[in-house]
Amino acid sequence: MDQNEKMSWFRDAKFGIFMHWGIYAVNGIDESWSFYKGDISFDDYMAQAKGFTAEHYDPKRWAELFKKIGAKYTVLTTKHHDGFALWDTAVSDWNAKDSSPAGRDLIGPYCDAMREAGMKVGLYFSHLDWHHPDYPSIHPHSDEWWADKIWTAPPAGEPDDLVRWEKFMTFYRAQLGELMSRFGKIDLLWFDGDWERTSEQWRFEETKEYLRSFNPAVIMNNRMHGEGDYKTPEQAMPITRPEGDFEYCVTLNNSWGYQPKDNNFKSARSIVYMLAECVGMGGNFLLDVGPKPDGTIDERSEALLLEVGDWVTKHGEAIYCTRAGLGHDLFSGASTLSKDKKTLYLFYYDIPGGPIPLRGIASEIKRISVVGSGEEVPMQRQQGFLSMPGIAWIDLPKSACDPLCTVLKVEFDEPITLVAGVGVRIE
Ligand code: GLC
């Protein structure tokens, strides 16, 4: 399938919701890493499954909320590194139906609800599985710090057991097959946990072929030693524009999953800033929320999502279906361009102390207005010289400003022409 065609919904979607839901929400501790690092014993960690009730799980409510705040796709953890499957996998009892009071498959209803609400369906899946008895049957590809962890590899000095590894691979393949065949069309696979084995050990090439046999258009992230469709910077936002497609994922507070003690929530302003900068670089923004063990969303998270969502929906035209905008040398904030390049959107984070400069625009500016209200904004163009256009000074009144971020819509009759460097015109 043609890559541009395949990536087109993803490139237009811009804003998605990530959900880390699993047994770690019961004690409110780090997903999987807490037992790996020894903060809690393996057995105590796994015993959390007894408290995973999904009692008030209503994915239609999730879908309603995510749609309302302007998300175009969602990604839910089907299985984290702890191996606990949220669907009733046939190849292990370690799943929500057989090993927790939830007592049922939780992935099917999620897929249906998101699809019905018109959002694309994404599934997170960890390649590595620190719970499966046959996973630690071969040694990692290098002697990095994880090499002798019992969840990962046989004890040092012991040979690889390829028979057991083959058993694991059969299980791994079967789980992926279930996810791709049981729940309707899966639009996106969000992989994680590739680092303990090589591409050859994982047989990623073969696996990708297999997954495409269910849906040739399925988008896969690059957590297959970089071999997927797009990059996934996490928590630390890229400073400059990454090459190719990317999606920046970030948590609302410091945790991927539900942790009631974590009150270090980001402000709506900082989330909007990250979203704008991300979209301005041509990427997607995937905002993570961790549901409670009963399936409801934490009140603090929901309030923050709604605050961000108000801003997103008000400024949708500057976000969805846009492409990367200008460099920060031309405008001191993020910006996006409409696909026909006749509209430029400027994201302005402050309350201006005077006219705002915009540089490097060779095209004639038809009109500038504020997104949301439509209020027209005056502009003074300082005269340029030869091939260098002058600065456009935009007089944004304080009264027209949005407290989180004001978006200015700059319209042109023709696709925008820019000037870069010391005066070279670029298309
Ligand atoms: C890291 C962590 C994992 C989390 C993921 C989300 O890879 O290992 O716990 O799910 O980031 O990007």
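**Exercise 1. Determine whether Ala 90 is buried or exposed, and locate the residue in the chain.**

Solution. Ala 90 has a relative accessible area of 63%, and it is therefore exposed. The cut-offs are as follows: buried means under 20% relative accessible area, exposed over 50%, and partly exposed in between, with a 1.4 Å probe and protein chains only. The structure is a predicted model, in which local features need pLDDT of at least 70 and side-chain atom pairs count only at pLDDT 80 or more, while totals for chains, interfaces and linings use all residues. Residues are numbered from 1 along each chain as its sequence is written, and side-chain values use heavy atoms, with hydrogens and water left out.

Next, the position: Ala 90 belongs to the loop between β2 and α6. Helices (H or I, at least four residues) and strands (E, at least two) are DSSP runs numbered from the N terminus. Finally, the C-alpha atom of Ala 90 is 22 Å from that of Gly 193, a residue 103 positions away along the chain.

**Exercise 2. Describe the surroundings of Asn 95.**

Solution. Asn 95 is placed in the loop between β2 (73–79) and α6 (96–99). Its relative accessible area is 0%, so Asn 95 is buried. Two contacts of its side chain can then be listed. One reaches the backbone oxygen of Ser 92 at 2.9 Å. The other is a polar contact of 2.9 Å with the side chain of Asp 98. A polar contact is a pair of N or O atoms within 3.5 Å; within protein, one must be able to donate a hydrogen and the other to accept it, and residues adjacent in sequence count only if both atoms are side-chain atoms.

**Exercise 3. Characterise the site around the ligand.**

Solution. Begin with the shell: 13 residues surround the ligand, and the closest are His 20, Glu 31, Trp 33, His 80 and Glu 234. A residue belongs to this shell if one of its heavy atoms lies within 4 Å of the ligand. By class, the shell has 6 nonpolar, 3 polar and 4 charged residues. Ala, Val, Leu, Ile, Met, Phe, Trp, Tyr, Cys and Pro count as nonpolar, Asp, Glu, Lys and Arg as charged, and the others, Gly among them, as polar.

Proceed to the distances. An N or O atom in the side chain of Trp 33 is 2.8 Å from an oxygen atom of the ligand. For the side chain of His 80, the corresponding distance to a ligand oxygen is 2.9 Å. Glu 234 has a polar side-chain atom 2.8 Å from an oxygen atom of the ligand. Taken alone, the ligand exposes 310 Å², of which the protein buries 93%; such areas come from the Shrake-Rupley method with a 1.4 Å probe, and for residues only the protein chains shown count as cover.

**Exercise 4. State how many disulfides the structure holds, and explain why Cys 405 forms no bond with Cys 401.**

Solution. The structure holds 0 disulfides, a disulfide being a pair of cysteine sulfur atoms within 2.5 Å. Cys 278 is in no disulfide, and the nearest cysteine sulfur, that of Cys 249, is 9.7 Å away. The closest cysteine sulfur to that of Cys 405 is in Cys 401, and because the distance is 9.7 Å, it is too far for a bond. As to accessibility, Cys 278 is buried at 0%, and Cys 405 is also buried, at 0% relative accessibility.
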